[in-house]
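Biologist: I have a new model open on my screen and would like to learn how to read it. Could you walk me through some of its features?

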Amino acid sequence: MHKSAKRQQCGITVAGGNRQGNGINQLSNPSGLYVDDDQTIYVADRVNHRIVEWKRGATSGQVVAGGNGQGSGDHQLNYPEDVIIDKERDSLIICDRSNERVVRWPRRNGTSGETIISNIDCVGLTMDENGSLYITDFGKNEVRRYRRGESQGTVVAGGNGYGNRLDQLYYPQYVFVDRDHSVYVSDGRNHRVMKWMEGAKQGIVVAGGQGEGNDLTQLSYPQGVVVDQLGTVYVADRWNDRIMRWPKGATQGSVIIGGNDLYSTPYTLSPELSTDIYSNARWQQNGITVAGGNRQGNGINQLSDPYGLYVDHDQTIYVADQSNHRIVEWKRGATSGQVIAGGNGQGSGDHQLDNPEDVIIDKERDSLIICDYSNRRVVRWPRRNGTSGETIISNILCVGLTMDENGSLYITDYGKHEVRRYRKGESQGTVVAGGNGYGNRLDQLSFPTYVFVDRDHSVYVSEWDNHRVMKWMEGAKQGIVVAGGQGEGNDLTQLSYPQGVVVDQLGTVYVADGENNRIMRWPQGATQGNVIVGGNGSGEKSNQLNWPFGLSFDRHGKSSSRKIQ
């Protein structure tokens, strides 16, 4: 690549782009990709458990591996993360991550694959001109080289446990190998790209390494990496939503694509151009206070009965400070907040709130959407320097709300025991869960509180009186129980007044289990959950919660909840 090369700032869609789904013209959480000489693109279509081939200019793809459901059979894949082409053998090499294996699959009319490497937590892989494979092992924090015929391989980067020393990696992601056999690896949790020369015992930092951030000297969870013949590093800077270029020896990079705060996460770069939350994630058992914590009050460093919360991409937290009748913004690391809505006393004026229960951000319109509970309304409030709000939905006893990628709002009505979806411009909405009166049948809800919508538009709702979390698929007439539902209690099969609910890309349900003072995780299809935070009684200690309500994950999979002060 020429060192002065410039790139178009407006891209075109070459695969997918027809919303999330499993159609042949759709993708669902694509991760790794490979671009062939004829510009055919091969995509690891992760949540669809398949590899899809998209010819240049095509409006739909063709499944060339997997696509037979999630599983461990030879004909199946389970969350594939990356794919490359072995030209010599005309086959695909696939990181079949959740099966902890690397698979070789015929490129033409293949119906099943062959496991060539086992017991590896593979995220990224590449191949050198000799046919040696280089594969990142996320769990072992290392990169291994596998020469032809080898099944064990040799560590060529990391392998000294997780950490930030120059001989360590911390959750390595994608890998590139140059013509000198130097290995470049995106070091996710260290927010850097490392170069390990052949035979070296430690690497050198070639991009980032100045802590997480969006400065030109920094990266935030880097992913795909490519290096040109001049030694210039190109990296997909995931949480900064940009592609960066770092010339050889530079102490800072430049943004060549993105960086426009559009919140579309880049994963990989193709070498031919050349929370999620992981299933084994663990959380610290001692939390830190990120908002409030200075006893109950109405000071700018205090909260009073905080309920719903929203965590933005820069880890700014927005809190529905219920008994102070205001929404407060807390910047990352701040010791006090800023009132950005309400705070003008309890009331029904346009400039007031009355016991707000939840808040989200509408990025497109740069505004807050607020459940103004006791005023029985939903309010839109400017995010910057707003002095009053606009009522967008009336006569609703709103506790929780969320928004899908199309801008539709999903809102719980505590009084009518239902969840309604409001498409843009609608004031009446459509019932998408409950709506059949109070009760515990599968077509009913009982005092619904918080709501989450996944990428398939399935609605998850926590029920106060039924002590369960329900999932209602789009268009369904009744829901299914995905957590609790075994009566009130503190057994691992039970919940007690559940509140905030979040669902990850694997269908795992995370729920704030109110009266049990704990956060629980329920894997998809499980009949019982496990405690991931709290569960040590009600209290103010760092390992305790006190009636957690709102629940949110930041972009790194870190959870936030609240304690009643």
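**Reading the model step by step**

Modeller: Let's begin with one residue: isoleucine 370 is buried, with a relative accessible area of 0%. Isoleucine 370 belongs to strand β26, residues 367–372. Please keep in mind that this is a predicted model.

Biologist: How far is isoleucine 370 from tyrosine 460 in space?

Modeller: Their C-alpha atoms are separated by 19 Å, while along the chain the two residues are 90 residues apart.

Biologist: Is asparagine 385 buried or exposed?

Modeller: Here a cut-off helps: exposed means over 50% relative accessible area. Asparagine 385 has 79% relative accessibility, so it counts as exposed. You will find asparagine 385 in the loop between β27 (377–382) and β28 (390–394). Its backbone also deserves a look: asparagine 385 has a positive phi of about 60 degrees although it is not a glycine.

Biologist: And what about phenylalanine 447, how accessible is that one?

Modeller: Phenylalanine 447 is partly exposed, with a relative accessible area of 25%. Phenylalanine 447 sits in the loop between β32 (430–434) and β33 (448–453). It is not a glycine either, yet phenylalanine 447 has a positive phi of about 55 degrees.

Biologist: Let's turn to sheets. In what order do the strands from β1 to β4 lie?

Modeller: To read a sheet, follow the strands from one edge to the other. Here 4 strands make an open sheet in the order β1-β2-β3-β4, with antiparallel pairing. β1 (30–35) and β4 are the edge strands, each pairing on one side only. From one strand to the next, the twist averages 25 degrees.

Biologist: How many residues of β3 are buried?

Modeller: Strand β3 covers residues 50–54, and 5 of its 5 residues are buried. Look at the side chains: Arg50, Val52 and Trp54 point one way, Ile51 and Glu53 point the other way, and all are buried.

Biologist: Which partners does β3 have on its two sides?

Modeller: Strand β2 (residues 41–45) pairs with β3 in the antiparallel sense over 5 bridges. In this pairing, tyrosine 42 stands opposite glutamate 53. The hairpin of β2 and β3 has 4 residues between the strands, and there histidine 49 takes a positive phi near 55 degrees. Strand β4 (residues 62–66) also pairs with β3 in the antiparallel sense, over 4 bridges. Two bridge partners to find in β4 are alanine 65 for isoleucine 51 and glutamine 62 for glutamate 53.

Biologist: Which way do the residues of β14 point?

Modeller: Val183, Val185 and Asp187 point one way from β14, whereas Tyr184 and Ser186 point the other way, and all are buried. The strand runs over residues 183–187 and is mostly covered.

Biologist: What pairs with β14?

Modeller: Strand β13 (residues 172–177) is joined to β14 by 4 bridges, and the two run antiparallel. Valine 177 stands opposite valine 183 there. In the hairpin of β13 and β14, with 5 residues between the strands, histidine 181 takes a positive phi near 70 degrees. Then β14 and strand β15 (residues 192–196) pair in the antiparallel sense over 5 bridges, and the bridge partner of serine 186 in β15 is valine 193. The hairpin of β14 and β15 has 4 residues between the strands, and histidine 191 takes a positive phi near 55 degrees.

Biologist: How do I look for empty space in a model?

Modeller: Rolling a probe the size of a water molecule over the atoms shows where empty space is left. In this model, the second largest cavity has a volume of about 60 Å³. Among the residues lining this cavity are His181 and Val183, which you have just met, together with Trp196 and Glu198. By class, its lining has 5 nonpolar, 2 polar and 2 charged residues.

Biologist: One more sheet, please. Why do β17 and β20 have one side without a neighbour?

Modeller: The order is β17-β18-β19-β20, an open sheet of 4 strands with antiparallel pairing. β17 (222–227) and β20 (254–258) stand at the edges with a single partner strand each, so one side of each has no neighbour in the sheet. Within this sheet, 4 bridges join β19 (residues 242–246) to β20, and arginine 245 has serine 254 as its bridge partner in β20.

Notes:
Residues numbered from 1 in each chain as written. Predicted model: local features only at pLDDT ≥ 70, side-chain atom pairs only at ≥ 80, totals over all residues. Heavy atoms only, no water. 1 Å grid on protein atoms, 1.4 Å probe; cavity = no way out; pocket = protein on both sides within 12 Å on 5 of 7 lines; lining within 4 Å. Points joined across faces, edges and corners; volume = space filled by probe spheres on them. Nonpolar A, V, L, I, M, F, W, Y, C, P; charged D, E, K, R; others polar. Pairing = 2+ DSSP bridges. Buried < 20%, exposed > 50% of the residue type's maximum accessible area, 1.4 Å probe, protein only. Axes fitted to C-alpha atoms, helices over the stretch in contact; angles between N-to-C directions.
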